[in-house]
Amino acid sequence: MKRKLLFGERMILGDGTEAFNGIIPFRLRGTFKLEEIQRALALLQNKHPWLKAHVTHDEENLPWFEVPQKVVPIPIRIVIRQGEDDWQKESMKEWYMPFDHEKFPLIRFVWIKGEEVSDMFFSFHHCLCDGGSAMTLLYEFLQVLDNPSADIGVENPILGIQDIVPANILNSRRHKLKAKVLGRVASTIIKYAPVNKKPIERQNDYMIHWKFDKEVTQQVISYCKSNGFTVNTFLCAIVLQAFKKIRGKAALNKICCPVDIRRLTTQIKHDHIFAFGLMVEVSINEKLNFLDNVRKMQKHVKRKTSKLDPYTKMMIIESWHYALDNFTRILRNGKATNDCMLSNLGLIQVSHEYRNFTVDTVFSPSALGPLGQTTGFVVSTFQGEMDFCFIGSEGYLPYSDAQAIRKDILDTIKLKLEYSAVS
């Protein structure tokens, strides 16, 4: 089984020598054997063909996902657990560990082994899967780790754009012409866009992690619900204000928010191993007060999301293959166009208690790659507690500024909740 990499996958893969890895950390209470973990990972590979795939190149040097005849098991790296923060140290190590994609799958497993508590995580190349796929892997892994006979089904994998875009659109002369024209215009603009001769020096990378307890998490949810906006939009406004306060004129007043393509298509199922990003960009209006700002942002997000056309977007992007080098160059060398990315995964749908172990917590995933701006927040909620992972690089956002932004975010949320409670 094989398929060509789509444009976005090719761009993320690059030449395969640089890491662009996503991490899904979680903490389990219980005792485990290596054989149990190996068996659970093998069951995941049995369901999902691309978890067995290597990357090969054809005579034109174009990359393909290809499942070898002799399947290589998902590698497991074992570390002896020393403390509560080991998962952060090991996550950051995985950021920089490339995959030997010609010999191994584009995913591995890390077991930070303790006597009664273990921290574990998947590390995967971002060209293989996105946050939605990552959550599916976590859900299924916990099922088969607890019960190897659990039925997790068999994936009918995506074999190309024809499995995503309906035939009446993909073969439409009008849609093909539109995709070709818009794709050529966009790639021409990118080709001649002014960029630095050298990539921006990323310097040291960092991770800042924190949680809200159940009480604060519920207060945030109630505050947003009573005011008619989502937690995601509320957080965007808080973060943008913090960047403006701490960064001053260096702030760009823009946040990019990923939109899960599965919400907009019926072809891509929740358990498809797949990575394709759609984005909505938001800003604040300094002339409005906070609540009016967030409500206006909410209307903007709703309007922009409703106009996202994943099928046409994918067709346009697939017309960019010839301009891959130009796109990569501007991502590496161009100036940042937004303050950060903010991805809210929402409620993580995995159980807390299993027959043979309990899930103590699920930490928000992180991802880091070589293509430009690295500043980002990932937010998720498990067992009623909101979890935050804030990553960045000194070359884009100094660590001292990041710490000040975090403090301002926490202070502002506290003030909003206190004011709401009094009023």
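A residue is called buried when its relative accessible area is under 20%, and in this predicted model both Asp130 and Arg262 are buried. The side chains of Asp130 and Arg262 meet in a salt bridge, with a distance of 3.0 Å from N to O. This pair links distant parts of the chain, since Asp130 lies in the loop between S7 and helix H4 (131-146), whereas Arg262 lies in the loop between strand S9 (255-259) and strand S10 (278-282), 132 residues apart.

In total, the structure holds 23 salt bridges. Another of them is formed by Arg27 with Asp119, whose closest N and O atoms are 2.6 Å apart. Here too the pair links distant parts of the chain, with Arg27 in strand S2 and Asp119 in strand S7, 92 residues apart. Arg27 is buried, and Asp119 is buried as well.

A salt bridge within a helix is provided by Glu90 and Lys93, whose side chains meet at 3.3 Å, N to O. Because Glu90 and Lys93 are 3 residues apart in helix H3, about one helical turn separates them. Glu90 counts as buried because its relative accessibility is 7%, while Lys93, with a relative accessible area of 47%, is partly exposed. Salt bridges that share partners join Glu90 and Lys93 with Arg77, Glu94 and Arg108 into one network. Arg108 also has an aromatic neighbour, as its charged end sits over the ring of Phe99 at 4.0 Å from the ring centre. A similar description applies to Lys416, which lies over the face of Phe290, 4.1 Å from the ring centre.

Helix H3, which spans residues 86-95, also contains Met92. When residues up to four places away in sequence are not counted, Met92 touches Asp205, Tyr206 and Met207. Met92 and Leu368 are 276 residues apart in sequence, and their C-alpha atoms are 9.0 Å apart in space.

Aromatic rings were examined next, and a search of the whole structure finds 21 aromatic pairs. In one of these, the rings of Phe26 and Phe109 have centres 6.5 Å apart and planes at 55°, so the pair is classed as tilted. Phe26 belongs to strand S2 (residues 21-29) and Phe109 to strand S6 (residues 107-113), so the pair ties together parts that are 83 residues apart in sequence. Both Phe26 and Phe109 are buried. The rings of Phe109 and Phe122, by contrast, have their planes at 80° and their centres 5.2 Å apart; planes over 60 degrees apart count as edge-to-face, and therefore this pair is edge-to-face. Phe109 in strand S6 and Phe122 in strand S7 (residues 117-125) are 13 residues apart, and the pair links distant parts of the chain. Phe109 has a relative accessibility of 0% and counts as buried, and Phe122 likewise counts as buried at 0% relative accessibility. Ring pairs link Phe26, Phe109 and Phe122 with Phe141 into a cluster.

The strands can be described in a similar way. Strands of a sheet pair through backbone hydrogen bonds, and they do so in either a parallel or an antiparallel manner. In one open sheet, 3 strands follow the order S1-S4-S3 with antiparallel pairing. Strand S1 (2-4) and strand S3 (54-57) stand at the edges and have a single partner strand each, so one side of each is left without a neighbour in the sheet. From one strand to the next, the twist averages 35°. S1 is joined to strand S4 (residues 63-66) by 3 bridges, the two strands running antiparallel, and Lys4 stands opposite Trp64 in S4.

Strand S14 (residues 376-382) has 7 of its 7 residues buried, so it is largely enclosed by the rest of the structure. Gly376, Val378, Ser380 and Phe382 point one way from S14, Phe377, Val379 and Thr381 point the other way, and all are buried. Strand S11 (residues 340-347) pairs with S14 in the parallel sense over 6 bridges, and Asn344 stands opposite Val379 in S14. The pairing of S14 with strand S15 (residues 385-393) is antiparallel and extends over 7 bridges, with Asp387 in S15 as the bridge partner of Ser380. S14 and S15 form a hairpin that has 2 residues between the strands, and in the turn Gln383 has a positive phi of about 55°.

Technical notes. Residues are numbered from 1 along each chain as its sequence is written. This is a predicted model: local features need pLDDT of at least 70, side-chain atom pairs count only at pLDDT 80 or more; totals for chains, interfaces and linings use all residues. Side-chain values use heavy atoms; hydrogens and water are left out. Rings of Phe, Tyr and Trp (its six-membered ring) pair if their centres lie within 6.5 Å; planes under 30 degrees apart count as stacked, over 60 as edge-to-face and the rest as tilted. Helices (H or I, at least four residues) and strands (E, at least two) are DSSP runs, numbered from the N terminus. Buried means under 20% relative accessible area, exposed over 50%, partly exposed in between (1.4 Å probe, protein chains only). A charge sits over a ring if NZ of Lys or CZ of Arg is within 6 Å of the ring centre and within 35 degrees of the ring normal. Contact means heavy atoms within 4.5 Å. Two strands pair if DSSP finds at least two bridges between them. Axes are lines fitted to C-alpha atoms, for helices over the stretch in contact, and angles run from 0 to 180 degrees between N-to-C directions. A salt bridge is a side-chain nitrogen of Lys or Arg within 4 Å of a carboxyl oxygen of Asp or Glu.
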